[in-house]
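Here is a quick tour of one chain, helix packing up front and the whole fold at the end. Have the model open while you read.

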Amino acid sequence: MRTYAPSQTEVVLDGILAEPSLANGITHHAVIPAREAVFTDHPEWLDPRIRAGLAARGIERLYSHQAQAIEAVRAGRDVVVVTPTASGKTLCYALPALQAIADDPAARALFLFPTKALGQDQVAELAELSVAAGLTISAATYDGDTPAPIRSAIRGAGQVVVTNPDMLHSAILPHHTKWFQLFEQLRVIVIDELHTYRGVFGSHVANVIRRLLRLCAHYGSKPVIVCCSATIANPAELATTLTGRRPILVDRHGAPSGERHVLLVEPPLLHAATGARGSAQTLAHRWAMPFLRAGRQTVVFGRSRTQVEIMLSTLREALRQDLGPRTRIRGYRGGYLPTERRAIEKGLRDGEILGVVSTNALELGVDIGRLDVSILAGYPGSVAATWQQIGRAGRRGGVSVGVLIASGAPVDRYVVRHPGFLLGGQAEEARLDPDNLHVLIAHLRCATFELPFEPGEVFGPGVADELLAFIAESGHIRQAEDGRWYWSSENFPASEVSLRTAAPENVVIIDTTPDRPRVLGEVDLFSAQVLVHERAIYMHDSVQYYVDRLEWHERKAYVHRVDVDHYTYANRAVTLKPLDVFAEAPAPGGRRVHGEVMVASLVTLFKKLKFGTDENVGWGPIDLPELELQTTAYWLTAEGLAGSWRRNELDVALMGAGRAIQTVASVLLMGDPHDLGLVTQVRSPHHEAPTIYLYEATPGGIGLSARLWERHEDLIAGATALIRDCGCDGGCPACTGPRLEPDVDARGLALRLLSELAGPSPAVSLEPAANPPAPVPA
């Protein structure tokens, strides 16, 4: 029987809200009102041809934020633009680049995008605008897929070079003499999706930018830097840390938007004792069906390729009698051919495609036209990414709906139970540390290869001579009689530096699935213990791989592709010893400390856990040597505990509170939960008191622990709210972690401990907000 009946988006939503089985799971429903556009006339200095080209594309005036950004660039100031999805950020950097080339055809611009697909889209957008303006501009992508003959042409004649940080690091900067036209005439550098440059990756990219600007100075150019970011708490600070220069912040946008409904949904509770809940994937299917049957264009975001393909097949099967050809519902993810992705994008713009199930490949600024509904099967990992996915609906005005459905992960549960975090303007922070010694030395080697260092020359935090002398001990560089430092090795240093890891020694992951084995990626030794031990399920680009063998001494892991319903979790036995204290202060119930620690790690066994429910379906032993990691940490002591605590209860309370603090920390600092390790000690040998340690899993740290020390009160308040608002009986994986002792009330014990550590009243309330203020979505 056909059930297809076209309806308006708001009518369909009203029907869903009247359906108890779906409505009962809604933890919050916010309505963000529509807003009118704020326009500004084109500046007088803008080339008439460019103004005519904009008019030909229907752009008679600029939005206020676009005008503010291009005026700042015109004045020679760096800019960071923070505005919502589909607010026209592209023009904020495209117009200055086009104007520079219109003034002087010899001028060059360098655009950095985190993904190849996004870079190719921006080249097409720039080409259309330049054609409309009657300008002949050579714009091309320079990435791993660019054929050799075209690479040569881009080096010589490319006016706008579009690339990614990896190619800039390994293929452009080391060969700068072939790119002298670019470096001599570089006027504009664009860094898009700024918020993605955080953690270890961001720390590396900041040093790549240092090397880039050093070469620009050598060739005599002084480019302006334009950064674009989704909404985060510290965009100007992040841009300053990444580029080493202080930009003007443009964060008041003039783009119009239609009325938007945002719903936070928690799957139904299946088992009160364990806290197990229904599948986010199944619930996303149920939410999508009414909208699709009503002819509303809908995008469903999944966290993995496997999840996307499963949801795609179930939606197609459910709709095959109603909506005609299977091609009206499509999948979109990495692994599809570029031509296939372009056809899907065009089908969405034209309305031929009604629904799409996607990984985060559609999260970034690919033009897919106006959609009505965006459904997220799982929290994407950051507020910025959440708003980018929700923002795919309602891009052209009109009523739109965004639905975030929590998975079983603790972070997901925290976000949907505390809408103020997502909707109340409490955006998370992006952190990086370009002065991490491991990262800094790696790029100092690369910079010496590119250009000799003058005595007393500054690179990053200060004069580089001392670090150069340290590197010289290995024989790779030498100081000549003129005092300058020269590269003296046959090695090519950039090829040895991965932008994704901080440790100098990594394990290479080799995929044996195809006929010819290929290198899949690499991980540092500390992570390799838990990610690529034998019989592990390793996830890469949302694809599952089974680890056949790990040759530890050869630093190689051999894997093949699989599709299973579980993942693996390795138990790491960790001992921790404080080495130095950087900062210390009293706190309710004890003290908060930031310092340097030595972490010894021994992995002994792994568990197989089902997706969605985290049910334990098996285990196995791991035989690997112990590793040591010197890093930074934040820790809190509880020497002032009131009343009497039994040792076993205190042990459970410390672990439960620690896991909740770890979850909240990853949310507040926009990090992966694996970026922070947890150690609890009932009686710390260092402090002779109960202690909770959160250490950074990166050698030397990347600045997370210092910020955790500063936000101590937020962490305690957030952890208390996370556990208090959980619907479980006595603790579960979503709040205090797996219940190792079923008869012990881990939830109650953790709350008791946190109440003593919070003092009389927490400084920050993270209570669920009844009516949070309208956000500035990103």
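## Helices, a sheet and the whole chain

Helix 21 and helix 24 are roughly perpendicular to each other, a label that therefore rests on their crossing angle. Roughly perpendicular covers 65 to 115 degrees, with under 35 degrees counted as roughly parallel, over 145 as roughly antiparallel and the rest as oblique. This is a predicted model, so to speak with strings attached: local features need pLDDT of at least 70, side-chain atom pairs count only at pLDDT 80 or more, and totals for chains, interfaces and linings use all residues. Residues are numbered from 1 along each chain as its sequence is written, and side-chain values use heavy atoms, with hydrogens and water left out.

Both helix pairs side by side:

| Helix pair | Axis distance | Angle |
|---|---|---|
| Helix 21 (residues 647-668) and helix 24 (residues 746-758) | within 8 Å | roughly 80° |
| Helix 18 (residues 437-450) and helix 19 (residues 465-472) | 11 Å | about 80° |

Axes are lines fitted to C-alpha atoms, for helices over the stretch in contact, and angles run from 0 to 180 degrees between N-to-C directions. Helices (H or I, at least four residues) and strands (E, at least two) are DSSP runs, numbered from the N terminus.

Helix 21 brings Glu649, Val652, Ala653, Leu654, Gly656, Ala657 and Ile661 to its contact (heavy atoms within 4.5 Å) with helix 24, which answers with residues including Arg752, Leu749 and Leu753. Sorted by class, that makes 10 nonpolar, one polar and two charged residues. Here Ala, Val, Leu, Ile, Met, Phe, Trp, Tyr, Cys and Pro count as nonpolar, Asp, Glu, Lys and Arg as charged, and the others, Gly among them, as polar.

Over in the other pair, Leu467, Leu468, Phe470 and Ile471 of helix 19 meet helix 18 residues, among them Arg445 and Thr448. The split there is eight nonpolar, one polar and one charged.

Now the sheet: seven strands, open, parallel pairing, order 6-7-5-8-9-4-10. Strands 6 (139-141) and 10 (248-250) sit at the edges with a single partner strand each, so one side of each has no neighbour in the sheet. From one strand to the next the twist averages 15°. Strands pair if DSSP finds at least two bridges between them; strand 5 (residues 108-112) and strand 7 (residues 160-163) have four, and leucine 110 is bridged to valine 161 in strand 7.

Zooming out, the chain has 24 helices and 33 strands. Its C-alpha trace spans about 80 × 75 × 55 Å along the principal axes. Of the 778 residues, 57% are buried (under 20% relative accessible area, with exposed over 50% and partly exposed in between; 1.4 Å probe, protein chains only).
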